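Please take a moment to look at the sequence and the model together before reading on. The paragraphs below begin with a single residue and then widen the view step by step.

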Amino acid sequence: MNQLLIEKELKFRTSRSSGSGGQNVNKVETRVELIFEPALSQGLDADEKRLIAEKLANRITKEGQIIVVAQESRSQGSNRAHALRRFFALIQKALEPEPDRDEIPETLIAHPAKRKKVKKIVSEKKLNRKKIIPPADEEG
């Protein structure tokens, strides 16, 4: 990922922010939308584009854009900086490799009944750790 190239490809759109702020809200465009099209990016290689498309599928619009909105501050500059930080954190997280999972031992794969028995034992062990609450006395 080439962050400098990506920063050049970003588009920003401003609008009036919602919420409190008095007269400032009514006249100043402080809300910032950061718009990025990963499929057209020169700063990402093919594998990175694929990873982003998979992991951020719910964040990509029908037009193929990732949109990050910031409107927390009363200044457009700080909202722009906040949107940039959030965007790069999002991209960085999407590009992180997933941790390796521990494999199930061959003996448990070969014998599903044994695996279920082991799971049952572990489950009961965890249940025994719970705090026992005595039932309330019922008066009839």
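In this predicted model, Gln76 is partly exposed, because its relative accessibility is 37% and the partly exposed class covers values between 20% and 50%. Gln76 is found in helix α4, and, if residues up to four places away in sequence are not counted, it touches Thr14, Glu29, Thr30 and Val32. A second view of this arrangement comes from the pair Gln76 and Ser15, which are 61 residues apart along the chain, while their C-alpha atoms are separated by 9.6 Å.

With that one position in mind, we can turn to the whole chain. The protein has six helices and three strands, and when they are read along the sequence they follow the pattern α-β-α-β-α-β-α-α-α. Let us take the strands of this pattern and ask how they are joined.

Strand β1, which covers residues 11–15, is joined to β2 by five bridges, and the two strands run antiparallel. Strand β2, residues 31–36, is in turn joined to β3 by five bridges, and this pair also runs antiparallel. Ile35 is a useful residue for following both pairings, since Ile35 is the bridge partner in β2 of Lys11, and the bridge partner of Ile35 in β3 is Ile67. Is β2 largely enclosed or largely open? Five of the six residues of β2 are buried, so the strand is largely enclosed by the rest of the structure.

Strand β3, residues 66–70, shows an alternation that can be followed one side chain after another: Ile66, Val68 and Ala70 point to one face and are buried, whereas Ile67 and Val69 point to the other face and are not buried. Just before this strand comes Gln65, which is found in the loop between α3 and β3. Gln65 counts as buried because its relative accessibility is 18%, and buried means under 20%. Leaving aside neighbours within four places in sequence, Gln65 is in contact with Ile35, Phe36, Glu37, Arg59 and Ile60.

Helix α3 itself offers another buried position. Ile52 has its place in helix α3, and Ile52 is buried, with a relative accessible area of 0%. Which residues does Ile52 contact, once neighbours within four places in sequence are left aside? They are Pro38, Leu44, Ala57, Ile60, Ile66, Ile91, Ala94 and Leu95. One of these, Ile66, is among the buried residues of β3 described above, and Ile60 is also in the list of contacts of Gln65. Lys130, by contrast, is 78 residues from Ile52 along the chain, and the C-alpha atoms of these two residues are separated by 41 Å.

We now move to the loop between α4, residues 76–95, and α5, residues 106–110, where Ile104 lies. Ile104 is partly exposed, with a relative accessible area of 39%, and beyond its neighbours within four places in sequence it is in contact with Ile109 and Arg115. The C-alpha atoms of Ile104 and Arg115, which are eleven residues apart along the chain, are separated by 9.3 Å. Asp102 also lies in the loop between α4 and α5, but Asp102 is exposed, because its relative accessible area is 76% and exposed means over 50%. Asp102 and Val28 are 74 residues apart in sequence, and their C-alpha atoms are 53 Å apart in space.

It remains to look at the protein as a whole. A compact globule of 140 residues would have a radius of gyration near 14 Å, but this protein has 25 Å. Its C-alpha atoms fill a box of roughly 65 × 55 × 25 Å, taken along the principal axes. Of the 140 residues, 23% count as buried, and the protein exposes about 11,100 Å², of which carbon and sulfur atoms supply 51%. Among the contacts with a separation of 6 or more, residues 24 or more positions apart account for 59%. Finally, the protein has 28 positive and 21 negative charges, and the mean positions of these two groups are 3 Å apart.

Notes:
Residues numbered from 1 in each chain as written. Predicted model: local features only at pLDDT ≥ 70, side-chain atom pairs only at ≥ 80, totals over all residues. Heavy atoms only, no water. Helix = DSSP H or I, 4+ residues; strand = E, 2+ residues; numbered from the N terminus. Buried < 20%, exposed > 50% of the residue type's maximum accessible area, 1.4 Å probe, protein only. Contact = heavy atoms within 4.5 Å. Rg over C-alpha atoms; globule rule 2.2 N^0.38 Å. Areas by Shrake-Rupley, 256 points an atom, 1.4 Å probe, with all protein chains shown as cover. Lys, Arg positive; Asp, Glu negative; His and termini not counted. Charge placed at Lys NZ, Arg CZ, Asp CG, Glu CD. Pairing = 2+ DSSP bridges.
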